[in-house]
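Work through the following exercises with the model open beside you, and try each task before reading its solution.

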Amino acid sequence: QVQLVESGGGLVQAGGSLRLSCAASGSIFRINAMGWYRQAPGKQRELVANITSGGSTNYADSVKGRFTISRDNAKNTVYLQMNSLKSEDTAVYYCNAKAMPLPILPYLEVWGQGTLVTVSS
């Protein structure tokens with residue numbers, strides 16, 4: 001079983017910065033893509049950014065130039081550096097990973113419990 005634990009959320013003023021972290025643990029043979037999604041009140045969950053094991057990244061248009069995703073493969077950890085935060089970035093942020101627990105098993109999609117980011121204007 002693979003678990004994802006997020007940290008780093010909180011309350012910040014508009015224009016400020018936060019850094020989210022997500023560490024994978026448990027039975028892990030290999031992790032492919034890792035990413036961050038967010039869900040604001042009354043809205044659907046949306047992709048914020050993801051990164052492959054090779055380091056290729058993809059960002060939502062709304063965060064390009066402000067957010068940076070990175071990962072440490074040795075630590076099975078993904079980060080999201082969020083700068084120039086806006087009130088519309090307020091949401092619960094979820095970590096996501098495509099993880100293979102054992103070589104004989106397929107990749108599983110795993111979600112973290114979510115961490116709240118609140119940006120005050």
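**Exercise 1. Decide whether Lys64 is buried, partly exposed or exposed, and do likewise for its salt-bridge partner Asp61.**

Solution. The model is a predicted one, in which local features need pLDDT of at least 70 and side-chain atom pairs count only at pLDDT 80 or more, whereas totals for chains, interfaces and linings use all residues. Residues are numbered from 1 along each chain as its sequence is written, and side-chain values use heavy atoms, with hydrogens and water left out.

Begin with the classes: buried means under 20% relative accessible area, exposed means over 50%, and partly exposed lies in between, with a 1.4 Å probe and protein chains only. Lys64 has a relative accessible area of 49% and is therefore partly exposed, while Asp61, at 64%, is exposed.

Next, take the pair itself. A salt bridge is a side-chain nitrogen of Lys or Arg within 4 Å of a carboxyl oxygen of Asp or Glu, and the side chains of Lys64 and Asp61 form one with an N to O distance of 3.1 Å. By this rule the count comes to 5 salt bridges.

**Exercise 2. Trace the salt bridges of Arg38, and state how accessible the residues concerned are.**

Solution. Side chains of opposite charge can pair when their charged atoms come close. The first step is the bridge between Arg38 and Glu46, whose N to O distance is 2.8 Å. Arg38 is buried, because its relative accessibility is 6%, whereas Glu46, at 35%, is partly exposed.

The second step is the bridge between Asp89 and Arg38, with an N to O distance of 2.9 Å. This pair links distant parts of the chain, since Arg38 belongs to strand S4 (residues 30-39) and Asp89 to the loop between strand S8 (77-82) and strand S9 (91-100), 51 residues apart. Here strands are DSSP runs of E with at least two residues, and helices are runs of H or I with at least four, numbered from the N terminus. Asp89 has a relative accessible area of 0% and so counts as buried.

The third step is to look at the surroundings of Asp89. Its side chain is joined to that of Arg66 by a polar contact of 2.7 Å, a term for a pair of N or O atoms within 3.5 Å; within protein, one atom must be able to donate a hydrogen and the other to accept it, and residues adjacent in sequence count only if both atoms are side-chain atoms. Contact in general means heavy atoms within 4.5 Å, and, leaving aside neighbours within four places in sequence, Asp89 is in contact with Arg38, Arg66, Phe67, Ser84, Val117 and Val119. To conclude, Arg38, Glu46, Arg66 and Asp89 are linked in a network of salt bridges.

**Exercise 3. Describe how S4 pairs with S9 and with S5.**

Solution. Two strands pair if DSSP finds at least two bridges between them. S4 and S9 pair in the antiparallel sense over 8 bridges, and within this pairing Trp36 has Cys95 as its bridge partner in S9. S4 is also joined to strand S5 (residues 46-51) by 5 bridges, again antiparallel, with Gly35 partnered by Asn50 in S5. The hairpin of S4 and S5 has 6 residues between the strands, and in this hairpin Gly42 takes a positive phi near 80°. As for accessibility, S4 is mostly covered, with 7 of its 10 residues buried.

**Exercise 4. Find which strands stand at the edges of the open sheet S1-S3-S8-S7.**

Solution. The sheet consists of 4 strands in the order S1-S3-S8-S7, with antiparallel pairing. Strand S1 (2-7) and strand S7 (67-72) are at the edges: each has a single partner strand, so one side of each is left without a neighbour in the sheet.

Then check the pairings within the sheet. S1 and S3 run antiparallel and are joined by 6 bridges, with Glu6 opposite Cys22 in S3. Strand S3 (residues 18-26) in turn pairs with S8, in the antiparallel sense and over 6 bridges, and there Ser21 stands opposite Tyr79 in S8.
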